[in-house]
Amino acid sequence: MTTNNDRVVWLKGPAVRCETKPEAALTPWRLVLLGAPGVGKGTQADLLNRRMRACHLSTGDVFRAAASGSECEQSPAMKEAFGYMRRGELVPDSTVWEMVRERSECLRCGGGFILDGFPRTLGQAESLKQLMDSEGLALTAAVNYELPFSEIVARLGGRRTCEKCKAVYHVTERPPRVEGCCDRCDGKLVQREDDRPESIKVRLEAYERSTAPLIEFYKNLGLLVEVTAKGSPDDIFEGTFAQLESRRVRETAQKAWVAAEDHR
Ligand code: AP5
């Protein structure tokens with residue numbers, strides 16, 4: 001099954017409308033993906049999106065779109081964000097939150113969402129929780145992908161991304177059919193600026209310092225699902241999906257039991 005959600009509200013900003021809206025689900029998946037840069041969150045978000053139909057919402061994609069000037073409104077803060085990205089540093093919370101808050105329609109969407117790269121600090125996680133609580137929305141889970149840093153560096157060094165549709169490849173692990181050319185849209189495959197060795201080092205340090213504490217945050221909320229990101233993307237995806245499904249079945253059974261008890 002392929003995705004046809006266009007995510008334009010997320011990528012371009014709230015002034016536009018999604019032409020292809022995801023179908024409203026009875027119980028939408030609302031996921032946060034955690035894990036170090038390069039662990040495979042974007043790859044997994046794409047696979048989850050195809051199965052769950054919830055939109056893949058990457059904050060990195062929005063900042064890159066703003067920097068390229070082609071797809072997204074360019075406020076001074078958004079332009080400035082690209083400087084932080086190139087150096088591998090985190091964009092300040094105030095800029096990130098302003099951008100996400102403007103797109104909160106995507107969080108309310110009946111099709112659900114898969115957040116990739118957000119939240120990345122405790123401040124961002126708390127802001128997201130407050131917004132969702134105030135809207136009566138609940139996260140389904142926070143999936144944390146784990147991999148040794150040495151393997152992460154190899155993944156980042158070989159990554160190539162489609163300029164047009166943002167599909168992600170790897171020169172040896174997930175090569176395109178034709179070198180340098182996207183399988184899906186024939187777009188040109190390019191290396192991200194922040195995949196240079198000096199930026200990778202800064203990104204991994206920023207992850208350790210600011211993002212790793214979120215694992216405990218979501219564990220305390222009972223939302224953490226832990227996944228080892230070794231093996232093929234499809235195997236990782238199938239294992240994750242099975243864990244998420246069984247979690248959901250358990251929760252539905254629990255709710256039904258509580259409702260039945262209340263009726264007695
Ligand atoms: P962002 O775009 O979010 O990048 P990231 O978190 O650094 O994550 P990546 O996209 O690099 O990696 P990924 O985990 O998605 O891995 P992928 O699937 O591509 O953020 C970029 C920057 O934006 C940040 O540094 C920051 O400056 C800024 N920013 C964004 N959000 C922010 C926020 N909330 N707060 C502050 N600043 C923010 O896979 C990597 C490679 O491995 C690919 O080549 C892939 O093909 C390959 N691969 C994937 N899975 C496998 C596998 N199982 N086996 C072998 N190879 C695999």
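User: What makes S5 and S6 paired strands?

Analyst: Strand S5 (residues 159-162) is joined to S6 by 3 bridges, and the two run antiparallel. Two strands pair if DSSP finds at least two bridges between them, so the 3 bridges suffice. One bridge partner is Tyr 169 in S6, set against Arg 160. Strands are DSSP runs (E, at least two residues) and helices likewise (H or I, at least four), numbered from the N terminus. This is a predicted model, in which local features need pLDDT of at least 70 and side-chain atom pairs pLDDT 80 or more, while totals for chains, interfaces and linings use all residues. Residues are numbered from 1 along each chain, and side-chain values use heavy atoms, without hydrogens and water.

User: Why are S6 and S7 said to stand at the edges of the sheet?

Analyst: The open sheet has the order S6-S5-S7. Strand S6 (168-170) and strand S7 (189-190) each have a single partner strand, so one side of each lacks a neighbour in the sheet.

User: Why is H7 called roughly parallel to H10?

Analyst: The axes, lines fitted to C-alpha atoms over the stretch in contact, cross at roughly 30° and come within 9 Å. Angles under 35 degrees count as roughly parallel (over 145 roughly antiparallel, 65 to 115 roughly perpendicular, the rest oblique), so H7 is roughly parallel to H10.

User: How do you know that Cys 162 forms no bond with Cys 185?

Analyst: A disulfide requires cysteine sulfur atoms within 2.5 Å. The two sulfurs are 3.5 Å apart, which is too far for a bond.

User: Why is Cys 162 called buried?

Analyst: Its relative accessible area is 1%. Buried means under 20%, exposed over 50% and partly exposed in between (1.4 Å probe, protein chains only), so Cys 162 is buried.

Technical notes:
Axes fitted to C-alpha atoms, helices over the stretch in contact; angles between N-to-C directions.
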